[in-house]
Every structure is written in C-alpha cells, then in structure tokens.
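Hi,

Here is the model I promised to pass along. Have a look at it first, and my notes follow underneath.

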Amino acid sequence: LLTRPYNAALARQQVFDRVMQQVEYCNEHPGTGILYDTGYRKLFAASGNALSLLPLIVLTVLCFASVFAMEYKNNAARLICVTPLGRKKTAAAKLRLSILLTIPLFLFSVLPELVRVCLTYGFPGLSYSVQSLPPYANLPSWLSVWGILFLHYGFQLLGCVSITLVVCALSLRLKNSIYAIMLSLLLMGIPILLKAMGLDFAIYFSLLPLFQAGYYWSANGNPPLFFVYLLSVMAGAIFCTLYSYRCFGRPTPGQKKWAKEKENKEFE
C-alpha cells in the first residue's frame, strides 16, 4: 500500500526513457524526426505477413490452376496450336489477366493488417527519413518512411505475382488442374510449414522473404542475402512466364508423331 503512489508515478517511466532515447538518436542523426514507431514495428516484424501467406497461396492456386489446363481438358489446345496467332496471343492474354486478378487477391491479404495498424497506431511521420526508425539507420537518408512502406508491399505484390506465374506454369506443364493444385500446394506450402517447425533454412525455398522485406532491410536482417534471393525469384518468375508464353498450344511429341504418320499416309 505504501508503494502504490510511487508505482503510479513511475508507471510511465519506460515510455519516458524510450522517448529520451529517440531524442538522443535524432540528435546523433541530423534530418531525422521523433516517431511513434509501434505501428511500423508491427508491420516490419520478423513474422511479416506470414499468417496470411498460406491462405493466399491456397486461394491463388485454386483460382489459377485451370488457366492453361482447361484448354487441354476440352481439347481446345489442338485448335489453338494450328492457328497462326492463337498460341502466343492466347497465352499472353491469359497471363495478363491472371496477373491483373492477382492484385485484388493481394489487397485482400494485406488490407486487414494495414487497417488494423492504422486504426490502432496510425502512420505518423510518413514524410520523414527512414533513418528516423532506428533499425533502419543503415539505409540512405533520402529514402522516406512511406518509401520503405511502398517497397515493402511492392515486394509482397511481386511475391503474389510469382505464385500466380508458378501455378500457371504448372497448369500448363501438367495439363491437369487437379495435379496442378496438388503439386503447387506441396511446392509452396511445405517450406512454410517446415519454417514454422523451426527449420529456418526452408524459408529460402518459399516466398516468405518477399513478405518480410521490411525486416530484411533492418539492422537485424540481411539486405545482401535478400537481394540475392530477390534475383533468384525474379529469374524463376521470368522462366515461368516464358515457358507459359512459348509452350502453350505447342503440339506434344505424340501429336507430332500422329500428324507425321497421317501426312505419310496421305502422301502414299
């Protein structure tokens, strides 16, 4: 009972000490400002957007597993492959539409978190230098807080588009939507589950680093490793795009053999 008044007086001591640390930090880094950074720390936490990644993968796989497989299920690919502009024009249209439809899925996965953080903590000092956030003192001073937010969610969008392109490529390769769903979920879901089980190396076989971009740029992260990973993801996305664009509607070896035998019979 005797200590209650003193405890009440010292209840906000930790908050005061934290503000004083920010003041000292800003004095040591000209051009920075004092920020209430709890919301930013929530967004850039090590867990990133991982909780919404598995549902996003499942939803994306279910939406796009039939993009190319459907043409082989109803044998429309045989008609497409004999038209002069059918193959590549159709493939390009399918890829463009799939990427455009990925954007609403991405927004569906990130908007709840953004709204919750905005209502709870707000986004103060968006125009300040990113160095105003102590974990990002190693980044250029000309980069603003809104700039790193934009990059953080831009790389998450790249991750969503990469998921879509992989699913489309598997849909074309397997020519069966059920097989494409099963293999896509295995390839992209198992590494996340392994990471959740404590096997940290599995994260680099998934798209989680793209969803944790803000954390990887901080002092606790590893920016060089992130950019190496980013290059590998971009190479994989480009490969899936080119494969879908060039191989859609192309006659299979069995079809080529059948066409050649038919041509020989007609010639005889």
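Among contacts in the protein between residues at least 6 apart in sequence, what percentage join residues at least 24 apart? The answer is 71%. Before you read on, bear in mind that this is a predicted model.

On to the fold. You'll find 13 helices in the protein and zero strands, so to speak an α run from the N terminus on: α-α-α-α-α-α-α-α-α-α-α-α-α. Of the 268 residues, 39% are buried. As for the outside, the accessible surface of the protein is about 16,000 Å², and carbon and sulfur atoms account for 68% of that.

Then there's the largest pocket, where I spent the rest of my time. Its space comes to about 350 Å³, and 17 residues line it. If you want to centre your view on the pocket, pick Val166, Met188, Phe205, Ser206 and Leu207, the lining residues that lie nearest its centre.

Which helices should you colour? Helix H8 (145-174), helix H9 (177-196) and helix H12 (223-247) each give the lining at least two residues. H12 contributes the most, with seven residues.

The chemistry of that lining is easy to sum up: 13 of its residues are nonpolar and four are polar, with no charged ones.

That's what I have for now. Shout if anything looks odd on your screen.

Cheers

Key. Residues are numbered from 1 along each chain as its sequence is written. This is a predicted model: local features need pLDDT of at least 70, side-chain atom pairs count only at pLDDT 80 or more; totals for chains, interfaces and linings use all residues. Side-chain values use heavy atoms; hydrogens and water are left out. Helices (H or I, at least four residues) and strands (E, at least two) are DSSP runs, numbered from the N terminus. Buried means under 20% relative accessible area, exposed over 50%, partly exposed in between (1.4 Å probe, protein chains only). Contact means heavy atoms within 4.5 Å. Accessible areas come from the Shrake-Rupley method with a 1.4 Å probe; for residues, only the protein chains shown count as cover. On a 1 Å grid over the protein atoms alone, a cavity is a set of points where a 1.4 Å probe fits but cannot get out, and a pocket is an open set with protein on both sides within 12 Å along at least five of seven lines; lining residues have an atom within 4 Å of a point. Grid points are joined across faces, edges and corners, and a volume is the space filled by probe spheres set on the points. Ala, Val, Leu, Ile, Met, Phe, Trp, Tyr, Cys and Pro count as nonpolar, Asp, Glu, Lys and Arg as charged, and the others, Gly among them, as polar.
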